[in-house]
Each structure stands twice: as structure tokens, then as C-alpha cells.
Amino acid sequence: MTYRLGLLDKSPLAPGDVAEIALARTVDFARSAEALGCHRFSVTEHHGFSGLGSSRPELLAADAPAAA
């Protein structure tokens, strides 16, 4: 039996972070996931939560491959 691994990221903001840092960390995480052979990398959508770097995963998903 084989399993395919998928990862989910929320672009969390660490104390003192700004959104750009959290989003850059998400892109780095996606690169690492790809290098490890992960089947899928997803980002979540949350509105009105100040602890996340992005509430628009469709924009991040479009931008992340370009950064890779």
C-alpha cells in the first residue's frame, strides 16, 4: 500500500512578524514540500483573523509557483 502526503499551511504570523515574512515562509514551506515529493500543498482561507498572513489563498497559490 502506498500513501500520498499532502500538507496544509495557514501562513501564520509569529510574534513580531509582518505578512510578507509569513508569506515568504509559506513559499519556503511549499518548496520544501515539493522537494520531499509531497503530492499536494494547500493554503487555507480565513477572514478576520489577525494571526494569519493572508486571507486570500487563491492569490498565494497563484504567486507561490512563480516564486519557486
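A salt bridge is a side-chain nitrogen of Lys or Arg within 4 Å of a carboxyl oxygen of Asp or Glu. Keep that in mind as you select Arg31 and Asp28, whose side chains meet in a salt bridge with an N to O distance of 3.3 Å. What you have on screen is a predicted model, and this tour starts from that pair.

**Stop 1: around the first salt bridge**

Arg31 and Asp28 both belong to helix α1, where they sit 3 residues apart, about one turn of the helix. Colour them by accessibility if your viewer allows. Arg31 has 35% relative accessibility and so counts as partly exposed. Asp28, at 42%, also counts as partly exposed.

How many salt bridges does a search of the whole structure find? There are 2. For the other, select Asp17 and Arg25, where the closest N and O atoms are 2.5 Å apart. Arg25 is partly exposed, because its relative accessibility is 36%. Side chains of opposite charge can pair when their charged atoms come close.

**Stop 2: the whole of helix α1**

Now select residues 19-35, which make up helix α1. Try the distance tool on the C-alpha atoms at its two ends: they are 24 Å apart. At 1.5 Å a residue, a helix of 17 residues should span 24 Å, so the model agrees with the expectation.

Which residues of α1 are buried? Select Ala22, Thr26, Val27, Ala30 and Ala33. Then turn the view to look down the helix axis: these buried residues fall within an arc of 145 degrees, so they line one face of α1. On the face turned away from that buried side, pick out Glu20 and Ala35, which are exposed.

Just past the helix comes Gly37, a residue with a positive phi, near 85 degrees.

**Stop 3: Thr26 and its partner**

Go back to Thr26 in helix α1. Is Thr26 buried or exposed? With 3% relative accessibility, Thr26 counts as buried, since the cut-off is under 20%. Show its side chain together with that of Asp9, and you will find a polar contact between them at 2.5 Å.

**Stop 4: the strands**

Next, select residues 6-9 for strand β1 and residues 40-43 for strand β2. In which sense do they pair, parallel or antiparallel? They run in the parallel sense, joined over 4 bridges. To see one place where they line up, highlight Gly6, which stands opposite Arg40 in β2.

Show helix α1 together with both strands again. β1, α1 and β2 form a β-α-β unit, and this unit is right-handed.

**Stop 5: a glycine in a loop**

Finish with Gly53, found in the loop between β2 and α2 (57-67). Gly53 has 15% relative accessibility and therefore counts as buried. Add Leu13 to the selection: Gly53 and Leu13 are 40 residues apart in sequence, while their C-alpha atoms are 5.9 Å apart in space.

Technical notes. Residues are numbered from 1 along each chain as its sequence is written. This is a predicted model: local features need pLDDT of at least 70, side-chain atom pairs count only at pLDDT 80 or more; totals for chains, interfaces and linings use all residues. Side-chain values use heavy atoms; hydrogens and water are left out. The expected span of a helix is 1.5 Å times one less than its number of residues. Buried means under 20% relative accessible area, exposed over 50%, partly exposed in between (1.4 Å probe, protein chains only). The arc is that of the directions from the helix axis to the C-beta atoms. A polar contact is a pair of N or O atoms within 3.5 Å; within protein, one must be able to donate a hydrogen and the other to accept it, and residues adjacent in sequence count only if both atoms are side-chain atoms. Two strands pair if DSSP finds at least two bridges between them. A crossover is right-handed if, with the strands pointing away from the viewer, the path from the first strand over the helix to the second runs clockwise.
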